[in-house]
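Let's take a walk through this protein, one region at a time. Have the sequence and the 3D view ready.

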Amino acid sequence: MTIRHHVSDDLLLSYAAGSLAEGWSIAVATHLALCPSCRRRLTVAEGIGGELLDSLPHDASVDDAWASVRRRLEQPSKAPPFASRETSASGQGDGLPEPLRSYLGSDIDALKWRPLGRGAYQIPIRTGERETRVRLLRIPAGKPVPEHSHGGRELTLVLSGSFVDGENIFSRGDIEDADESLMHQPVATADSDCICLAVTDAPLKFRSWIVRAIQPLLGI
Ligand code: ZN
Ligand code: ZN
């Protein structure tokens with residue numbers, strides 16, 4: 001598994017400083033669970049983040065969100081560590097890494113998916129804050145997400161399968177960081193359904209009026 005798309009410096013620094021809302025932190029922590037090179041970057045960022053934190057005014061709500069993700073990360077888990085799953089006999093390597101496991105359970109096959117239409121499914125993930133919306137998305141093999149732009153930032157982290165967006169392919173562990181300037185249409189590759197973690201801080205702006213019309217029902 002080679003990760004090609006990594007967490008940006010600003011996210012990693014905010015994460016290290018403990019100033020990132022819980023939703024974004026889940027995406028960053030999940031990427032870190034899968035990416036040794038960003039874990040090394042984090043060690044450096046934590047040094048810088050510590051100094052930043054000392055120089056910033058105290059914000060209890062941010063401290064709480066941070067503590068909540070950290071607690072989940074630190075909880076001992078009965079499931080085998082992720083590395084051993086990756087090399088297990090079943091060889092799928094698509095289990096849920098921490099911290100997702102403590103939000104959703106360890107069994108990716110037992111998840112309760114809700115239909116989004118056109119063969120796509122989602123599972124909303126509850127967090128303790130209102131700044132972000134966090135969900136798992138399952139895009140059927142070979143199918144696109146409806147073309148959209150963004151009212152804010154959107155982080156998409158692949159957990160299983162792959163999607164193509166323009167020139168880039170995103171596979172397990174890869175994170176796509178989109179902002180208001182990007183209009184895109186990710187397409188799941190034909191070999192399998194693509195399961196991703198998606199975090200947004202504003203509703204998506206769909207190009208199709210049909211999708212826009214049903215958007216409030218879907219909560220995306
Ligand atoms: Zn990385
Ligand atoms: Zn998007």
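## The zinc site

The zinc ion (ligand 1) is held by the protein donors His6 (ND1), His31 (NE2), Cys35 (SG) and Cys38 (SG), lying 2.1 to 2.3 Å from it. Donors here are N, O and S atoms within 2.8 Å of the metal (3.2 Å for Na, K and Ca), and sites may look incomplete because water is not among the atoms. Along the sequence, the donor residues follow the spacing H-x24-H-x3-C-x2-C.

Why is the arrangement tetrahedral? The 4 donor atoms subtend angles of 101 to 120° around the zinc ion, and four donors count as tetrahedral if all angles lie between 85 and 135 degrees. His31 and Cys35 are both buried (under 20% relative accessible area; exposed is over 50%, partly exposed in between, with a 1.4 Å probe and protein chains only).

## About the model

This is a predicted model: local features need pLDDT of at least 70, side-chain atom pairs count only at pLDDT 80 or more, and totals for chains, interfaces and linings use all residues. Residues are numbered from 1 along each chain as written, chains are lettered from A and ligands numbered from 1 in written order, and side-chain values use heavy atoms, leaving out hydrogens and water.

## The helix with Gly47

Gly47 sits in helix H3 (helices are DSSP runs of H or I, at least four residues, numbered from the N terminus). Gly47 is partly exposed, with a relative accessible area of 42%. C-alpha to C-alpha, Gly47 and Ala17 are 8.9 Å apart in space, and 30 residues apart in sequence.

How values were computed: Tetrahedral: all angles 85-135°; square planar, octahedral: opposite > 155°, others 65-115°. Helix = DSSP H or I, 4+ residues; strand = E, 2+ residues; numbered from the N terminus.
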